[in-house]
Amino acid sequence: MKMQRSDFVLYGTSLLAAVLAIGLVYGYVESRVNEAKSQAEVKTITVVEKPDMRSVVVANRELYRGEKIEADDIKVLMVPTEGLLVNGVVTQPENVVGRVAKQHIYVGEWLLDQKVGLEGQSDKSVEAILKPGRRAIRLPVSAESGLLGMLNPGDHVDVISVFESADGKRMISRTILQNIEVLSIGQTNRMGYLKEEQAQKEQKNHQGEAFVKESMVALNVDTSQSEQLALAMNVGAVHLALRGAADVKLVETDGVNVKVIERSRQRPPKFKPKSRREVIQIMQGDQVQEVITQ
């Protein structure tokens, strides 16, 4: 059976229609895929190499000048080596335990070699924080004369001496030293900053005794000042006056004696008291009017 010409036309038309249909479907699917790709979020993953880490010793609590550094007072942090921009950073805890803080160190602060004293120095010595030419001298004080409970290492005080005049006729009070730094308080540098359990133990061991009323304060002075202070302690009483942190001005004073105190008068009040005034209420109908009399 021979195929007629019309059959060829029919088959050709069908083939062409099928090809066109496939092309349209492929084009539609391709456009939908491209549209979906354009709307999809592109997540970029950045691969970062792990930085080199190094240990750094930091303060675990606030350390005061003159304190001995114990193992519980510090901790070790791991930081990137790129962050170690300061020379002399302490990296091993064993290199700082037992040394003395030369400066006030805050919680979380990195420990530096220049902020701690020499190895082997105990908390009973203050030579680690003394500069050349300076001297440490201790004086016994009471809770009243030595500001105990208010005074901290690093504070600055004036020293007031109360003594008898050379002729023995009057008592004199005079400021002999000004703006003197406090190195330590108590029998050791840490007396004022014992840990809570240590403080409780000390209190239990000394119940009934007046150990809190008498203590020792070490001051940072030069040779001349140490001589004046030693003489003042032997000829009379010594009192400490606390200075403000920003107050460094030295004040000229001749001191006072009993006659000066007797002649001193009470300063008048800064503001004069207001005179007493009377308030009278006048009622007129449903209205009330207040009149103030002089």
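Trainee: Happy to look at this one with you! Which residues of H3 are buried?

Mentor: Good place to start, and keep in mind that this is a predicted model. Helix H3 covers residues 223-235. Its buried residues are Gln225, Ser226, Leu229 and Ala232.

Trainee: Why do they lie on the same side of H3?

Mentor: Look at how the buried residues Gln225, Ser226, Leu229 and Ala232 are placed around the helix. They fall on the same side of H3 because the arc they cover around the axis is only 125°.

Trainee: And which exposed residues does the face turned away from the buried side of H3 carry?

Mentor: Turn the helix so that Leu229 and Ala232, two of its buried residues, point away from you. The face of H3 turned away from that buried side then shows its exposed residues: Glu227, Leu231 and Asn234.

Trainee: How many Å does H3 reach from its first C-alpha to its last?

Mentor: H3 has 13 residues, and at 1.5 Å a residue the expected value is 18 Å. The model comes close to that, with a reach of 19 Å.

Trainee: At the start of H3, which residue has its backbone nitrogen within 3.3 Å of a side-chain oxygen of Asp222?

Mentor: H3 begins at residue 223, so to speak just past our aspartate. From Asp222, a side-chain oxygen comes to within 3.3 Å of a backbone nitrogen, and that nitrogen belongs to Ser224.

Trainee: Let's move to the strands. How many bridges join E4 to E5?

Mentor: Strand E4 takes in residues 156-164 and strand E5 residues 171-185, and the two run antiparallel. Within this pairing, Ile160 stands opposite Thr175. The number of bridges joining E4 to E5 is 8.

Trainee: Which residue in the turn of that hairpin has a positive phi?

Mentor: E4 and E5 have 6 residues between them in the hairpin. In the turn, a positive phi of about 70° is found at Gly168.

Trainee: E5 also pairs with E8, so to speak on another side of our tour; which residue in E8 stands opposite Ile172?

Mentor: E8 is made of residues 256-257, and its pairing with E5 is antiparallel, over 2 bridges. Opposite Ile172 stands Asn257.

Trainee: One last stop, Arg99. Which side chain of opposite charge is nearest to Arg99?

Mentor: Arg99 sits in the loop between strands E2 and E3, and it is buried yet has no salt bridge. Its side chain does reach the backbone oxygen of Asn95, at 2.8 Å. The nearest side chain of opposite charge is 4.1 Å away, and it is that of Asp113.

Notes: Residues are numbered from 1 along each chain as its sequence is written. This is a predicted model: local features need pLDDT of at least 70, side-chain atom pairs count only at pLDDT 80 or more; totals for chains, interfaces and linings use all residues. Side-chain values use heavy atoms; hydrogens and water are left out. Two strands pair if DSSP finds at least two bridges between them. Helices (H or I, at least four residues) and strands (E, at least two) are DSSP runs, numbered from the N terminus. The expected span of a helix is 1.5 Å times one less than its number of residues. Buried means under 20% relative accessible area, exposed over 50%, partly exposed in between (1.4 Å probe, protein chains only). The arc is that of the directions from the helix axis to the C-beta atoms. A polar contact is a pair of N or O atoms within 3.5 Å; within protein, one must be able to donate a hydrogen and the other to accept it, and residues adjacent in sequence count only if both atoms are side-chain atoms. Lys and Arg count as positive and Asp and Glu as negative; His and the chain ends are not counted. A salt bridge is a side-chain nitrogen of Lys or Arg within 4 Å of a carboxyl oxygen of Asp or Glu.
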